[in-house]
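Open the model in your viewer and switch to a cartoon view. We will go through it stop by stop.

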Amino acid sequence: MQSAFFYISEVFSIATKETQINEQIRDAEVRVIGPDGEQLGVMSARDAQKLADERELDLVKIAPNAQPPVCRIMDYGKYRFEQAKREKEARKNQRVVEVKEVRLGLNTDIADFQTKVRHAIRFVEGGDKVKVSIRFRGREMGHPEIGMEMMQRFAEAVKDTAVVERPAKMEGRHMLMFLAPKPAK
C-alpha cells in the first residue's frame, strides 16, 4: 500500500493591512507623489525608488488599487509613529457604553425602590444605559398593569438625569424598559 504526501511550497498571503515600502513594490509603473505633495508623474518603480534613495526617504505604496498604483516618497518611520499616536488618541477618547440592569419586583418596598432609583441614576451619570426589568412570577402574570405603574413611577423618578430610550414592554415573563443618559445641551 502506498501513501502519498503533498507539500505546498507556496504561501498565499491573505489581505494584509501592511503597506508595501521600498523594494516590496513590484509594479511596473507607479504614480509618484513627492514628500511635499507635488505630483512627480508616472514612472517605473525602480526610478521611483532611486528618487526616494536620493532624498534619503522611503517609497510607500498608499493606493495599491489605483491604476497605476500611487506611491509617495516619505519618512516611513515618522509616518508609522504619527499613525500609532493618532490611533492611541482615538482609543483614549473612545468610551464603551455598557448596559447595566436594575431588577424590580412587583412587591418591591418604597425604600428598596428608592435605592434602585439611586443606583440607576448613578449608572446613567456614569454614561451607561440602564435596563429596568420586572419579573412576573405565578399569579403576578395576571396583573401587568401593576408592573406598568411601577415602571412609570421609576421613569418619573429618574427623569432629571435619564430619558426613556425604550418604554416599558412585556417580553414573556419580564417587563423591560431602557433608560439612556440625557443628551448634553
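Start at Arg 31. Show its partner across the way: Arg 31 stands opposite Val 42 in S2. Keep in mind that this is a predicted model.

Now widen the selection to both strands. Take residues 29–33 for strand S1 and residues 39–44 for strand S2. The two pair in the antiparallel sense, over five bridges. Next, pick the turn of this hairpin, where five residues sit between S1 and S2. Which residue there takes a positive phi? Select Gly 37: its phi is near 95°.

Move on to the open sheet. Four strands make it up, in the order S5-S6-S8-S7, and the pairing is mixed. Colour 99–104 for strand S5 and 162–171 for strand S7; these are the edge strands, each pairing on one side only. From one strand to the next, the twist averages 20°.

Zoom in on S5 and its neighbour. Strand S6 covers residues 129–135 and runs parallel to S5, with six bridges joining them. For a single pair to label, choose Lys 100, which stands opposite Val 130 in S6.

Now add the helices. Select residues 110–125 for helix H3, which lies across S5, S6, S7 and strand S8 (174–181). How does H3 run relative to S5? The angle is about 175°. Then select residues 144–157 for helix H4, which packs on the sheet. H4 touches S5, S6, S7 and S8. Compare its direction with that of S8: the two make about 10°.

Note on methods
Residues are numbered from 1 along each chain as its sequence is written. This is a predicted model: local features need pLDDT of at least 70, side-chain atom pairs count only at pLDDT 80 or more; totals for chains, interfaces and linings use all residues. Side-chain values use heavy atoms; hydrogens and water are left out. Two strands pair if DSSP finds at least two bridges between them. Axes are lines fitted to C-alpha atoms, for helices over the stretch in contact, and angles run from 0 to 180 degrees between N-to-C directions. Contact means heavy atoms within 4.5 Å.
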